[in-house]
Amino acid sequence: MENGLSALLGALSPGTAAGLLILTALLSYLLGCCNGAILVSRLLLGDDVREHGSGNGGLTNFQRTYGGSRFTLLVIGVDVVKMLLSVWISRGLFALVLPDAVPLFVTYWAGCFCIVGHVFPCTLRFHGGKGILCGGVFTMMVDWRVGLVAWGLFLLAVVITRWVSLGSVLAASSVAVTTILFYPLPSLILPGVMAAVLLDWKHRGNIQRLIHGEEPKLSLRRKKAEP
């Protein structure tokens, strides 16, 4: 099966392909804007996770701020489901007009826009999370091998060093490498590399702290009282 953008352009008219790509990009971006850490901290805890710790609206800062809170599972659930929906809805829309299987390009396309929505949500003044959990789900939607490498590197780094950021950077970077290895098509390599670069760029502060030995390590203990 053809997996690249050329498969879409060969099966659909330019207008239909462009319209579906724009529609799925918009839907995926808006789903990405549903930030689990910020929604849970605001609606259920009466707080804003971005006012604590690193100031980031992501899972790691939520965990560091609220510790072993049962709400952590809700944060994970929101960020997992939104990526699943982004890909499933996008592939479903294309399946309505494609006679054969939906190319893998659609998964890359939808996944990348969901990550962009998480990182730069228009609903939160473009101040979102760092996208690692979304990115992790994205890798599994692309290919189990891509996901295995990303999650394996993440877990190995976190278990050995307790630096979540180091595991995140390694996992994000691996997406570009595995895409090039498994799917050497320009239309797939480009979003794969862009996703990796975006996720690593969001961790630029962590990278600097890692270099200087100032990055905090993972702790499962609660650090503050619940609001």
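Is R50 buried or exposed? R50 is buried, because its relative accessible area of 17% falls under the 20% limit for that class. The model discussed here is a predicted one.

**Salt bridges**

The structure contains five salt bridges. Three of them are listed below, each with its N to O distance.

| Side chains | Distance (N to O) |
|---|---|
| D48 and R42 | 3.6 Å |
| D48 and R50 | 3.0 Å |
| K82 and D79 | 3.2 Å |

The salt bridge between K82 and D79 lies within one helix. These two residues are three places apart in helix α5, which spans residues 72-95, so about one helical turn separates them. In general, an α-helix has 3.6 residues a turn, and therefore residues three or four places apart point the same way. K82 and D79 are both buried.

Elsewhere, R42, D48 and R50 are joined into one network by salt bridges that share partners. D48 takes part in the bridge to R42 and also in the bridge to R50. The members of this network differ in how far they are covered. D48 has a relative accessibility of 10% and so counts as buried. R42, at 43%, counts as partly exposed.

**The surroundings of K82**

K82 belongs to helix α5. Its relative accessibility is 3%, which means that K82 counts as buried. What does K82 touch, leaving aside its neighbours within four places in sequence? Its contacts are L31, G32, C34, N35, C114, H118 and C134. Several of these residues appear again below. G32 is one of the α2 residues that meet α6, while C114 and H118 are among the α6 residues on the other side of that contact. C134 is one of the buried residues of α7.

**Helix α2 against helix α6**

Two packed helices are described by the angle between their axes and the distance between the axes. Helix α2 (residues 14-32) packs on helix α6 (residues 104-119) at an angle of about 40°, and their axes are 6 Å apart. This angle makes α2 oblique to α6. The crossing is right-handed. On the α2 side, the residues in contact are L21, T24, A25, S28, Y29 and G32. On the α6 side they are F105, W109, A110, F113, C114, V116, G117 and H118. Sorted by class, the residues of this contact are nine nonpolar, five polar and no charged.

**Helix α7 and its neighbours**

Helix α7 (residues 132-142) and helix α8 (residues 144-161) have axes that come within 5 Å and cross at roughly 145°. The crossing of α7 and α8 is left-handed. From α7, the residues L133, G136, V137, T139, M140 and V142 take part. They meet W144, V146, G147, L148, A150 and W151 of α8. This contact has nine nonpolar, three polar and no charged residues.

How many of the 11 residues of α7 are buried? Eight are, so α7 is largely enclosed by the rest of the structure. The buried residues are L133, C134, G135, G136, V137, F138, T139 and V142. Which helices do they pack against? Their partners are α4 (59-66), α5, α6, α8, α9 (164-182) and α10 (186-202).

Notes
Residues are numbered from 1 along each chain as its sequence is written. This is a predicted model: local features need pLDDT of at least 70, side-chain atom pairs count only at pLDDT 80 or more; totals for chains, interfaces and linings use all residues. Side-chain values use heavy atoms; hydrogens and water are left out. A salt bridge is a side-chain nitrogen of Lys or Arg within 4 Å of a carboxyl oxygen of Asp or Glu. Buried means under 20% relative accessible area, exposed over 50%, partly exposed in between (1.4 Å probe, protein chains only). Helices (H or I, at least four residues) and strands (E, at least two) are DSSP runs, numbered from the N terminus. Contact means heavy atoms within 4.5 Å. Axes are lines fitted to C-alpha atoms, for helices over the stretch in contact, and angles run from 0 to 180 degrees between N-to-C directions. A crossing is left-handed if the near helix is turned anticlockwise from the far one by less than a right angle, and right-handed if clockwise. Ala, Val, Leu, Ile, Met, Phe, Trp, Tyr, Cys and Pro count as nonpolar, Asp, Glu, Lys and Arg as charged, and the others, Gly among them, as polar. Angles under 35 degrees count as roughly parallel, over 145 as roughly antiparallel, 65 to 115 as roughly perpendicular and the rest as oblique.
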